[in-house]
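Q: I would like to learn how to read a model like this one, beginning with what is buried and ending with the backbone. Could we start with the general idea and then turn to the case at hand?

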Amino acid sequence: MRTHCTVMDSESYFYNSTVIADSWAALSTDAAGDRVYLEANDCKVITTRSGYGTYADTGCWVALNRCDLDVANMAAIVAGESGVQLNDCTAKCGSYVVLNHVVGGGPGDAILTQVSDIKIKGGKYQCENEAVVVKSNNADVLFENVEICSFDGLLLRSKVNDDPCAPNPNGKEVYGIHVTLRDMDTANSIRHEDPNRRMTVKLEGSKLTGAITGGVLLTLDEASVWTATADSDVVFNGDVPGGTIDALPGVTVIAKGGEAKEIALPSGGRLVVTA
């Protein structure tokens with residue numbers, strides 16, 4: 001996770017436990033002060049009628065290691081300058097795997113620079129909606145060697161928060177949303193719908209089969225392949241190695257960056273590059 005001061009209000013640890021909530025949250029944090037840390041290891045986490053597995057409120061940091069979550073809504077909520085790590089967990093989620101948002105925004109221009117840290121490493125996740133949704137917030141998101149089945153077919157979606165208390169950057173430059181896929185093979189799409197911040201997506205040794213929309217700034221290494229399954233629009237960040245872009249028949253990928261050209265792709269789609 002991101003580096004923070006060592007002063008803490010509290011640390012909580014759970015081992016080989018079963019935590020059940022009828023609604024609201026099973027493992028939650030609140031009012032961090034300087035900092036709160038919560039860790040659960042090899043635990044069963046359940047919400048029945050409604051609710052979520054854990055909540056990393058502003059100033060709170062949560063790590064779930066090898067836990068099994070069966071939750072009516074999301075596995076985790078992350079708010080503002082805070083973070084969650086899901087390491088080698090399994091989860092069945094009634095909505096998202098992670099909901100990321102912010103309300104209030106903190107003093108002054110904190111909303112411009114505060115960042116949520118979301119890491120999902122290893123394990124298997126099933127969700128009804130997008131795996132991760134980021135609502136009007138800055139975030140670093142890492143997916144690493146993880147299996148995700150989203151019934152909506154979305155790995156990540158950014159959107160404007162409809163909460164009346166959500167802060168507005170009012171046109172000022174903000175940190176943005178930075179997403180990394182590492183050592184993954186996933187058939188899900190990425191959708192960027194927040195006009196107030198830029199999203200970057202980087203593939204490292206990964207295969208992504210799905211659409212990418214919203215003018216995402218895209219980077220692929222030589223060990224990665226993106227196959228578009230529906231019309232997509234991206235911005236290339238630097239040179240794109242040959243053989244890393246493909247598209248299904250009838251699908252067009254429109255990309256900004258480099259020399260203007262049109263290329264027929266191996267699976268039958270086409271790549272249109274605009275300068």
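A: A residue is called buried when its relative accessible area is under 20%, exposed when that value is over 50%, and partly exposed in between. The model shown is predicted, and in its protein chain buried residues make up 53% of the 275 residues.

Q: How many helices and strands are there in the protein chain, and what does the radius of gyration say about it?

A: The protein chain holds 1 helix and 29 strands. Its radius of gyration is 19 Å, close to the 19 Å that the globule rule gives for 275 residues, so the chain is as compact as a globular protein of that length. The C-alpha trace spans about 55 × 40 × 30 Å along its principal axes.

Q: What share of the contacts joins residues at least 24 apart, and what belongs to the surface?

A: Of the contacts between residues at least 6 apart in sequence, 47% join residues at least 24 apart. The accessible surface of the protein chain comes to about 11,800 Å², and 47% of that area belongs to carbon and sulfur atoms. As for charge, there are 22 positive and 36 negative charges, and their mean positions are 2 Å apart.

Q: How should I read a single residue, and is Leu208 buried or exposed?

A: One sets its accessible area beside the cut-off and then looks at its neighbours. Because buried means under 20% relative accessible area, Leu208, with a value of 0%, is buried. Leu208 belongs to strand 21, which covers residues 207-209, and, leaving aside neighbours within four places in sequence, Leu208 is in contact with Leu181, Thr186, Asn188, Ile190, Leu203, Val225, Trp226 and Thr227. Sequence distance and spatial distance can be read side by side here: Leu208 and Met184 are 24 residues apart in sequence, while their C-alpha atoms are 7.8 Å apart in space.

Q: Which residue joins its side chain to that of Arg157 in a polar contact, and where does Arg157 lie?

A: A polar contact is a pair of N or O atoms within 3.5 Å, and one of 2.9 Å joins the side chains of Arg157 and Glu193. Arg157 lies in strand 16, residues 154-159, and, not counting residues up to four places away in sequence, Arg157 touches Glu130, Val132, Val133, Val134, Arg191 and Glu193.

Ser158 also lies in strand 16 and counts as buried, at 0% relative accessibility. A polar atom of the Ser158 side chain lies 2.9 Å from the backbone nitrogen of Glu193, so that Glu193 is approached through its side chain by Arg157 and through its backbone by Ser158. With neighbours within four places in sequence left aside, the contacts of Ser158 include Val134, Arg191 and Glu193, as well as Ile177 and Met199.

Q: Which sign of phi should I expect in general, and which sign does Asp42 have?

A: Most residues other than glycine have a negative phi. Asp42, although not a glycine, has a positive phi of about 55°; Asp42 is found in the loop between strand 4 (36-41) and strand 5 (44-47). With a relative accessible area of 34%, Asp42 is partly exposed.

Q: Where does Asn145 lie, and is Asn145 buried or exposed?

A: Asn145 lies in the loop between strand 14 (139-144) and strand 15 (147-150). Asn145 too is not a glycine, and its phi is positive, at about 50°. At 54% relative accessibility, Asn145 counts as exposed.

Technical notes
Residues are numbered from 1 along each chain as its sequence is written. This is a predicted model: local features need pLDDT of at least 70, side-chain atom pairs count only at pLDDT 80 or more; totals for chains, interfaces and linings use all residues. Side-chain values use heavy atoms; hydrogens and water are left out. Helices (H or I, at least four residues) and strands (E, at least two) are DSSP runs, numbered from the N terminus. The radius of gyration is taken over C-alpha atoms; the globule rule is 2.2 Å times the number of residues to the power 0.38. Buried means under 20% relative accessible area, exposed over 50%, partly exposed in between (1.4 Å probe, protein chains only). Contact means heavy atoms within 4.5 Å. Accessible areas come from the Shrake-Rupley method with a 1.4 Å probe; for residues, only the protein chains shown count as cover. Lys and Arg count as positive and Asp and Glu as negative; His and the chain ends are not counted. The place of a charge is taken as NZ of Lys, CZ of Arg, CG of Asp or CD of Glu. A polar contact is a pair of N or O atoms within 3.5 Å; within protein, one must be able to donate a hydrogen and the other to accept it, and residues adjacent in sequence count only if both atoms are side-chain atoms.
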